[in-house]
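Q: Please take a close look at one part of this model, and then follow the rest of the chain from there.

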Amino acid sequence: MRGKKKRKQSVFRQLSLMGAILMLVLFLAFVYSSWQMQKSWRENIWNTNQQLMAQIEGKMEEYHQLMTQIATVTAYSPTIYSYFFQDPVERAISIEDVNTVFSNTILLEQNIAGIYLYGREMDLIASMGKGTQEVERMGVIREIKSELEYSSLFSFSDSNVPYYAIYFPIFDLNSQLYGQQIGMCVLIMKPDKFMGILEGAQATEHTQIYLLDRNDRVLAAQGSPDMEKIGKGWKESSSEYQAASLGLPMGGWQIVSRIPTRELYGGEDGLVGFHTGAYLLALCLMFLMVAFCYWRLLVPIREMDCFVKHVASEPRDRISVRREDEIGRVENSLNQMLDSIEEKNMLIQDARERTYQMEAAEKQLQISAYRNQINPHFLYNTLDCIRAMALYHDEDEIAEITLALAKVFRFAVREGNIVMVEEELNYIQEYANIIEHRFRGRIHVLTETDGEARQKPVIKLLLQPLIENAVFHGLEQKIEGGSVKASVRMEGKGYLRFVIEDDGCGIEKEKLSALRTQIGSMREACIQKKCQENHHQGKGDGNPEAEGSSRQRGIGMANICQRLRLFYGEKAFFQIESEEGRGTRITMMIPDRVEEEIV
């Protein structure tokens, strides 16, 4: 944004932001999954609780039907039913039979603690079992009922053991009036059986299950300390418990369940603890991932960044590779890239140096050409005048050598450094004419080439200095003269092979070794300087001393080697071989294309 400073980008900041986003997403997923699991857990627990309460209701219904059948069998057995219509004498006779029926009934259900028969006026006419002595004083037992009903809990004075009563009305089966009640059978029951009915009915570990009578007194309970009566409001849900109740067919009896809220939603030590632990574990793993990425990725990248900034001032330094993974391979590739850049810089520097030297050499040649071009038309006209006068006086040799000299001058001072091999050899032929006339046929210069090599480019004046060295330092000293031969051939693919061979006096071994050393180790500045000195000194008078001869020969060859290196670089090959008394052989190999074209 314009006018504002752009904040520095940081991969670590981006990584931290990404980690924070991932943690936020993970936290939201944790909250949502926890809510969903708690909802599912609550529904499962609540449904399980409802099913368990329905099972209790079913068992209580079975128990109710069982007690109805027992009471019916007992009250309407012939002995008991006829007992209601007997007078006191008959009852005294039949009491034993009544007790037998009562005993058999108690055997059918072990939780029956007593059986009482009441007449029309609720007067006790027969009894067996618990509470016989105080049953007359217990109003809860003497209540007249017109249908089967269950009482609330009560206890006898001699103990605190709770009991409840089942009221079973007895009707006159022979009466024409429907519902003519003749008495009532009361069963005194112990609530012990209900503990078995409630067993295994807890939906969770701490769920409280209560079987209550109509006065909320506890008949049986599971998951709760012993108590006679539940507190006020226990049937209603609260923040600590979720309550549910279910009515029973026992005249106001009901089942109440109270589930702890923390267990209904998974419990603090259950689902929430597991999810919290998983979230903390994920958080630790996320921190470990960020730390790993920082130390194993960002720190090496920062080191490479600092190294790249440092290497600009110290290009020869290299980063230390301490790893073998992708980071190590990047560091190794960085070192290789720096090595390649350094190598290319050296090549570029060398190419620039060669270009500079080539330009310097070209300027030197231009200076030399300018010196040689002093009034060239006057020189050419003068040579033509000399040639015309020689022809006039029938001096054909003078005319021929004058014409050859004019052609040599024209070729030497023409512009450009590149000529064809054919042009270079034609120039050598004109130079050969001058040599043969000068030495009266004692020294011959021969050329040889193949058709393919004739049209290949080559630097100008490549062969003339070497042939001149062969003539003046190898053949001139021989009385009988000799010959020098220059041949050009194609060598392999893309190379020209030049051979200049003479049968002169050769070079002494010591001087040959010094000459090779001089050519190989002579510095470029020194070479240029000596080339300039050679240009000013001239060619000698035909009788040089041995040391001067070797020096002149070395300068000419060094000049050629310098030009080869400037134009062809490392692709050029130069070799000198000589045997004293037998002659000298110079071999050059150069590409058939000149690098000056690219420059």
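At which residue does H3 bend, and by about how many degrees? After that, in what order do the strands of the open sheet lie?

A: This is a predicted model, in which local features need pLDDT of at least 70 and side-chain atom pairs count only at pLDDT 80 or more, while totals for chains, interfaces and linings use all residues. Residues are numbered from 1 along each chain as its sequence is written, and side-chain values use heavy atoms, with hydrogens and water left out.

H3 bends by about 50 degrees at Ser94; the bend is the angle between axes fitted to the seven residues ending there and the seven starting there. Helices (H or I, at least four residues) and strands (E, at least two) are DSSP runs, numbered from the N terminus. H3 covers residues 88-108, and its 21 residues should span 30 Å at 1.5 Å a residue, which agrees with the 29 Å between its end C-alpha atoms. The expected span is 1.5 Å times one less than the number of residues. Ser94 is also among the buried residues of H3, together with Arg91, Val98, Val101, Phe102 and Thr105. Buried means under 20% relative accessible area, exposed over 50%, and partly exposed in between (1.4 Å probe, protein chains only).

Further along the chain, the open sheet has 5 strands in the order E12-E14-E15-E17-E16, with mixed pairing. Two strands pair if DSSP finds at least two bridges between them. Strand E12 (443-449) and strand E16 (573-579) are at the edges with a single partner strand each, so one side of each has no neighbour in the sheet. E12 pairs with E14 in the parallel sense over 7 bridges, and Thr449 has Val488 of E14 as its bridge partner. E14 and E15 are antiparallel over 8 bridges. Their hairpin has 3 residues between the strands, and Gly492 there takes a positive phi near 65 degrees. E16 and strand E17 (residues 583-591) are antiparallel over 7 bridges, and the partner of Glu577 is Arg585 in E17.

Two helices pack on this sheet. H10 touches E12, strand E14 (482-491) and strand E15 (495-502), and its direction makes about 165 degrees with that of E12. Helix H12 (residues 464-475) touches E12, E14, E15 and E17, at about 150 degrees to the direction of E14. Axes are lines fitted to C-alpha atoms, for helices over the stretch in contact, and angles run from 0 to 180 degrees between N-to-C directions. The buried residues of H10 include Glu424, Leu425, Ile428 and Tyr431.

The largest nonpolar core has 50 residues, of which Leu462, Ile467, Phe498 and Met588 touch the most other members. Helix H10 (residues 421-438) gives the most to this core, with 8 residues. A nonpolar core is a set of buried Ala, Val, Leu, Ile, Met, Phe, Trp, Tyr and Cys residues joined through side-chain atoms within 4.5 Å. Leaving aside neighbours within four places in sequence, Leu462 is in contact (heavy atoms within 4.5 Å) with Glu424, Phe498, Ile560, Arg563, Leu564, Met588 and Ile590. Apart from this core lies another, of 43 residues, among them Leu153, Phe168, Cys185 and Leu198.
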